[in-house]
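Visitor: Please give me a close look at one part of this model. Keep it brisk, and tell me which cut-offs you use.

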Amino acid sequence: MSRFNRSTTGVPSASVSAAATPDTLLTVLSVDFLKSKDGPNRREHHTDAYFSDKLIVRRGQTFQMWIEFSRPFSPRSDNLQLQLKLEPIFSSSTGILISVPLVDVLEDGRWEMKIVEQKDKRVRLAVNTLPSASIGCYKVTVESFSPKGKLLFPCTPNDVYLLFNPWCEDDAVYLDNEAERKEYVLNSMGRIYYGTEQQIGTRTWNFAQFEQEILEACLFILERGQVAMTEWRDPVIVSRMISALVNSNDDYGVLMGSWKDSYEGGTSPTAWSGSGDILRQYYKSSGKPVRYAQCWVYAGVTNSVLRCLGIPTRCVTNFNSAHDTDLSLTTDIYIDDKLEIIKDKTSDSVWNFHVWNESWMTRPDLPAGYGGWQVVDATPQEPSQGSYRCGPTSVFAVRNGHVELKFDTPFVFAEVNSDRIYWQKKPDGSFSQVNVEKNSIGQSISTKAVGSDARVDITHLYKYPEGSAEERIAVERASRFGSKPTLYPSPTSNDVSVEFVMDGEGPRIGGDAKLSIVLKNRSSSQRTASLLCEVMVMYYTGVLKSTVKKDRIPLNLRPQETKVIPWTLQYVEYMNHLVDQGALNLAVTGRVNETQQILATQFNFRLRTPDLIISPLGDAVVGKELTVKITFQNPLSQVLRNVVFRIEGLGMQSVRMIAYGDVDKLATVTLTEKFVPTVAGSQKLLASMDCRLLTQVHGVADIVVKPK
């Protein structure tokens, strides 16, 4: 049985007819991967900073290469195919074999290649890679086909490194801000914060992700994870694997930790100032753990590895960071009748500071809205599914107390937003609460600013303001999944419901979005509450971008009353915030005062875009020119800049692109295009319009083409 998972679109077959075809084999003499650091491949793929002289490219993006043959390539009778092989070097796990066929037209989302230039005996190829391909070091073989037979040309040692691609919209790590991509992927220097909340210290860290042998070291670490290479396509799995492999607690990972005063036989954690030496030392010793590390060293190295592999990542410091050992989601301190701490029972702790990482990715394994920044923590604190690792944990899930969502959300929640509860021992041996500190854990959560060395406080991403109703709801919601679920008063009843109602197909972009919030009191008593309504812009992948509007609505429901509250988001409120697809997320939270029932629900909706109207003028006949009118009305009170129309179908062999330019606010545009149908029968003509302010605008027309 093969050790490889084979991905192929079919092996091209060579013609057996010798008539008017070359009578010699098509032999590959040389392959040029155009791997120069200052060449177009490395520049366009943002990999020119890597020290390596190999071809390093990012998935979901085309790269180019030259092949020289023993004779001119004949498109009519010859054929080509690339074999890309990702195989383990240090283990016997299953590899991957990919066949890349030669095509006439490249299509996104496929392994394909196309000849874009031919000079005598040389051809230049454009090679498409999948945006969901496994990352790693691929060995390449060129297969040449001619009527005389097939030949193989191994390109070793010219391997191709394929990385995650934050510049590719179809990649799970896509980040739409160029300044953030430069900071979180390309910046090799960073700042790590330490000390206490009142005395925040700063140290500069050299992530060294582009230095000599670092990329090779990072892939070596991945292979140590004993995870199938087919999983190397998924940043969720890769980041979780790295969080386990950067510590050496149970898998001979990169760093051995020590929290003692003596660091004999190794380097003091405070002496490290970068990741390069650590990673090279580990790689050159074939996997011998490097001594010693504490949290900021683990975080610095994790940052280096994930940035090197192409996942946007940053270091984050949490001050007054709780370590919850019993999954109570509280930090529990036990005292005796003399008010002294019972040390052998108090296993939870609060660190002055703790450093972890955040990585940016979609989370298709979670409900919509929980993508974006994810906590990844390699410091070995508690086992997770049998291994010392933590994350990826959705920061948004932490903020809202949704600790039931994977991975390790209860632990991270407790680090930033647990209550510190004091329990006193009673004469009968049991314990009772004597004090609760609700705002001491998780302070001044910090990271380096984009494009500068300033410190940015991101506490608001992890929790609502201390003491606010939303923050208390998150804590109490989370606590019900902990080991002490009755810690907070449970609701005496759940007799109030909340839901959203949208009229028809929903609001259109350019207009006000109007919804209704319907509340029902099914009890025979009055119910009062304060509702927080927060609407956020959301990528279609479920990643929330920013808050557009917040409302607080007082609620007074009579017995058995149903109340409909109109809710409106005006165009001027969202016009500068939208991202692709015009998706929005409306969240309502609140607590019923009389029963302590928590009200919490979300509603995802999108702002509908206009259609392109396509109208053929006259009959469509094969070989006869057909005039088609395409009409578009700008729904926005803003000028659309650099508008591009794309038209395809009707038997055309390529996409017709029309760079229209600017469209005035609320203006109507009419294009008149001419086509010559080549195939009779029922055909479709498709058109789309794209610009920065308005996307997802398209239209289609069914056209019956008559024969001559």
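**A buried aspartate and its surroundings**

Guide: D377 counts as buried because its relative accessible area is 1%. The cut-offs are these: buried is under 20% relative accessible area, exposed is over 50%, and partly exposed lies in between, with a 1.4 Å probe and protein chains only. The model is predicted, so local features need pLDDT of at least 70 and side-chain atom pairs count only at pLDDT 80 or more, while totals for chains, interfaces and linings use all residues. Residues are numbered from 1 along each chain as its sequence is written, and side-chain values use heavy atoms, with hydrogens and water left out.

Where does D377 sit? D377 is in the loop between strand 19 (372–376) and strand 20 (383–384). Helices (H or I, at least four residues) and strands (E, at least two) are DSSP runs, numbered from the N terminus.

D377 belongs to an annotated group. The unreviewed UniProt entry marks C295, H354 and D377 as "active site". UniProt positions follow the numbering used here, feature names are shortened, and annotations may be inferred rather than shown by experiment. The three residues are spread over 83 residues of sequence, yet they cluster in space, with a largest C-alpha distance of 9.9 Å.

Take the partner next. H354 lies in strand 18 (residues 349–361). H354 is buried as well, since its relative accessible area is 0%. The side chains of D377 and H354 make a polar contact at 2.7 Å. A polar contact is a pair of N or O atoms within 3.5 Å; within protein, one must be able to donate a hydrogen and the other to accept it, and residues adjacent in sequence count only if both atoms are side-chain atoms.

Now the neighbours. Contact means heavy atoms within 4.5 Å. Leaving aside residues within four places in sequence, D377 is in contact with S243, H354, V355, W356, R389, C390 and E415. With sequence neighbours up to four places away left out, H354 touches C295, V316, T317, N318, S321, D377, T379, Q381 and E415. E415 is thus on the list for D377 and on the list for H354. C295, annotated alongside them, is among the contacts of H354.

A second annotated group makes a useful counterpart. The unreviewed UniProt entry lists N417, D419, E466 and E471 as "binding site". They span 55 residues of sequence but cluster in space, the largest C-alpha distance being 11.2 Å.

Compare two glutamates there. E466 is in the loop between helix 9 (459–462) and helix 10 (469–479). E466 counts as partly exposed because its relative accessibility is 27%. The side chain of E466 makes a polar contact with the side chain of K463 at 2.5 Å. Beyond four places in sequence, E466 touches N417, K438, N439, I441, G442, Q443 and E471.

E471 is placed in helix 10. E471 counts as buried, because its relative accessibility is 0%. Its side chain reaches the backbone nitrogen of G467 at 3.2 Å. Outside the four-place window, E471 is in contact with N417, K438, Y464, P465 and E466. N417 and K438 therefore appear on the list for E466 and on the list for E471. Helix 10 itself is mostly covered, with 10 of its 11 residues buried. Among the buried residues are E470, E471, R472 and I473.

Strands can be enclosed too. Strand 17 (residues 331–335) has 5 of its 5 residues buried, so the rest of the structure largely encloses it. Both faces are covered: T331, I333 and I335 are buried on one side, D332 and Y334 on the other. Strand 17 runs parallel to strand 23 (residues 420–425), joined by 5 bridges. Two strands pair if DSSP finds at least two bridges between them. Within this pairing, D332 stands opposite I421.

Finally, the wider layout. The chain is divided into domain 1 (28–163), domain 2 (184–480), domain 3 (496–606) and domain 4 (613–705). These bounds come from an automatic or database domain assignment. The C-alpha centres of domain 1 and domain 3 are 51 Å apart.
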